[in-house]
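Here is a short tour of a few helices and some notable backbone spots. Have the structure open beside you as you read.

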Amino acid sequence: MYDDIAFNVQNPRPGIIINKPYGPDVYNGVPKDYTGENCTANNFLAVILGNRTALTGGSGKVVNSGPNDYIFIYYADHGSAGMVTMPTGDDLYAKDLIEVLKKKHEAKSYKSMVFYLEACESGSMFDGLLTEDMNIYAVTASTPAESSYAMYCPGHYPSPEDDFETCLGDLFSISWIEDSEKHDLQKETLQQQHGVVRRRTLVDYLDFSSHVMQYGNKELSKEPIFSYIGTNPDNDNFTMKAEEFSSNPSAEIAHSSRLTRGAVSQRDAQLHYLWHRFNRSADGSSEKIEAQKQLQNEILSRQQVDQNIHQIIALVFGEENVSKMIESIRPAGQPLVDDWDCLKMLVRIYGEICGSLSIYGKKYTRAMANMCNAGINEKQMTLASNQACLK
């Protein structure tokens, strides 16, 4: 974890982090092995492999596992087609993650693995890439072409307390975590949890929905969650009931008349935060003026990225093919891109000439993958980017 939340100047409760309205502190006592500048994709992959020599900074702890070990990985960050972000340094591409998982499997350094991934378009990290024979069961917050959603946001129901101006969690994440907190995980299977989480993430928020996906060896979903994350002894006598599979109690509806019940696209969480700050600031105040400036800058930045990508595609493939390049989605079971090095190259060139892709701008990595699949080369991308961005 980057570890900049607890004592951030914008945190209304210094030293405390909550992940749901009126929730307890989930920060105190949590071990942190890699923070700040050491929170990188390289360190993450080195930790999985158990490769201490590849580490840079941090505690030096790695997953030093053997053939009888069960491994659970939970990863939450912003994402886009084919990649998830890291707080520091380069993004983590699907190809690189899968290659490391293959090495881990070939080294016979685990019995089975469960991987929960919270990110926009997170399905693209495994779709067509994670094979059953690796004995890994992966669950993602969304399909390869969907956003995932922030939850417990100001102005929505359930809403955080008034002193908070930001969303407190992500819908997929809070769904599996809150489910795990109350059940006897020696009895609940991974598949049962998937059913609960999928319903809460999809059905209960129809206007703000993503499809929770399963990849890899789905036979592992029959195993108890306990094998991977343990359980709370206080829940040993918990009995699952039918209503546990519904997260839409009438009480929520009764209390939500003044608020919009729903969630916010992860990619728009920053925009939502800035709008909320602007909206609640007193008219004419310095806070209002600053909030308006930040909001306008965010909107203009998004418009500029939209324009840049549109122009680059139009220059290379023609105006008539812009929509196709941006919107085209490959069939399920087929990887995002044939040449991952090409995708990395296009992202790099765009960053060098037009500026690094923002969290919003990364929505266009699918367009870049489609450009690679259509045969774009380095010279074409460089010329088009110069023409679109430097004028």
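## Helix 10, from its start to its end

At the start of helix 10, Asp-339 places a side-chain oxygen within 3.1 Å of the backbone nitrogen of Asp-341. This, like everything that follows, comes from a predicted model. Helix 10 covers residues 340-354, and for 15 residues at 1.5 Å a residue the span should be 21 Å; the end C-alpha atoms are 21 Å apart, so the two agree. Just beyond the helix sits Gly-355, with a positive phi of about 105°.

Which residues of helix 10 are buried? They are Trp-340, Cys-342, Leu-343, Met-345, Leu-346, Val-347, Ile-349, Tyr-350, Ile-353 and Cys-354. As a reminder, an α-helix has 3.6 residues a turn, so residues three or four places apart point the same way. The buried residues of helix 10 pack against two strands, strand 3 (83-84) and strand 4 (92-93), and against helix 2 (94-106), helix 8 (286-317), helix 11 (365-373) and helix 12 (378-389).

## Where helix 10 meets helix 11

The axes of helix 10 and helix 11 are 9 Å apart, and the two helices pack at an angle of about 125°. An angle between 115 and 145 degrees falls in the oblique class, so helix 10 and helix 11 are oblique to each other. Their crossing is right-handed. On the helix 10 side, the contact is made by Cys-342, Leu-343, Leu-346, Val-347 and Tyr-350, while helix 11 brings Thr-365, Met-368, Ala-369, Met-371 and Cys-372.

## Helix 8 and its partners

Helix 8 has 32 residues and reaches 47 Å from its first C-alpha to its last, close to the 46 Å expected at 1.5 Å a residue. Just after it, Gly-318 takes a positive phi of about 95°. The buried residues of helix 8 include charged ones by name, Lys-288, Glu-298 and Arg-302, along with Ala-291, Leu-295, Val-305, Asn-308, Ile-309, Ile-312, Ile-313, Ala-314 and Phe-317. Among the elements covering them are helix 7 (269-280), helix 9 (322-327), helix 10, helix 11 and helix 12.

How do helix 8 and helix 12 cross, and at what angle? Their axes come within 9 Å and cross at roughly 130°, which makes helix 8 oblique to helix 12. The crossing is right-handed. From helix 8, Asn-308, Gln-311, Ile-312, Leu-315 and Val-316 meet Gln-380, Met-381, Ala-384, Ser-385, Gln-387, Ala-388 and Cys-389 of helix 12. Asn-308 and Ile-312 of helix 8 are thus part of this meeting and are also buried.

## A buried serine in helix 3

Is Ser-173, a residue of helix 3 (residues 171-182), buried or exposed? Its relative accessibility is 4%, so Ser-173 counts as buried. Setting aside neighbours within four places in sequence, Ser-173 is in contact with Tyr-74 and Glu-118.

## Backbone spots in the loops

Two residues that are not glycine have a positive phi of about 55°: Lys-108 and Asn-135. Lys-108 lies in the loop between helix 2 and strand 5 (112-118) and is exposed, with a relative accessible area of 60%. Asn-135 is in the loop between strand 5 and strand 6 (136-140); at a relative accessible area of 22%, Asn-135 is partly exposed.

One last stop is a cis peptide bond, running from Tyr-157 to Pro-158 with omega near 0°. Pro-158 has its place in the loop between strand 8 (156-157) and strand 9 (169-170).

Note on methods
Residues are numbered from 1 along each chain as its sequence is written. This is a predicted model: local features need pLDDT of at least 70, side-chain atom pairs count only at pLDDT 80 or more; totals for chains, interfaces and linings use all residues. Side-chain values use heavy atoms; hydrogens and water are left out. Helices (H or I, at least four residues) and strands (E, at least two) are DSSP runs, numbered from the N terminus. The expected span of a helix is 1.5 Å times one less than its number of residues. Buried means under 20% relative accessible area, exposed over 50%, partly exposed in between (1.4 Å probe, protein chains only). Contact means heavy atoms within 4.5 Å. A polar contact is a pair of N or O atoms within 3.5 Å; within protein, one must be able to donate a hydrogen and the other to accept it, and residues adjacent in sequence count only if both atoms are side-chain atoms. Axes are lines fitted to C-alpha atoms, for helices over the stretch in contact, and angles run from 0 to 180 degrees between N-to-C directions. Angles under 35 degrees count as roughly parallel, over 145 as roughly antiparallel, 65 to 115 as roughly perpendicular and the rest as oblique. A crossing is left-handed if the near helix is turned anticlockwise from the far one by less than a right angle, and right-handed if clockwise.
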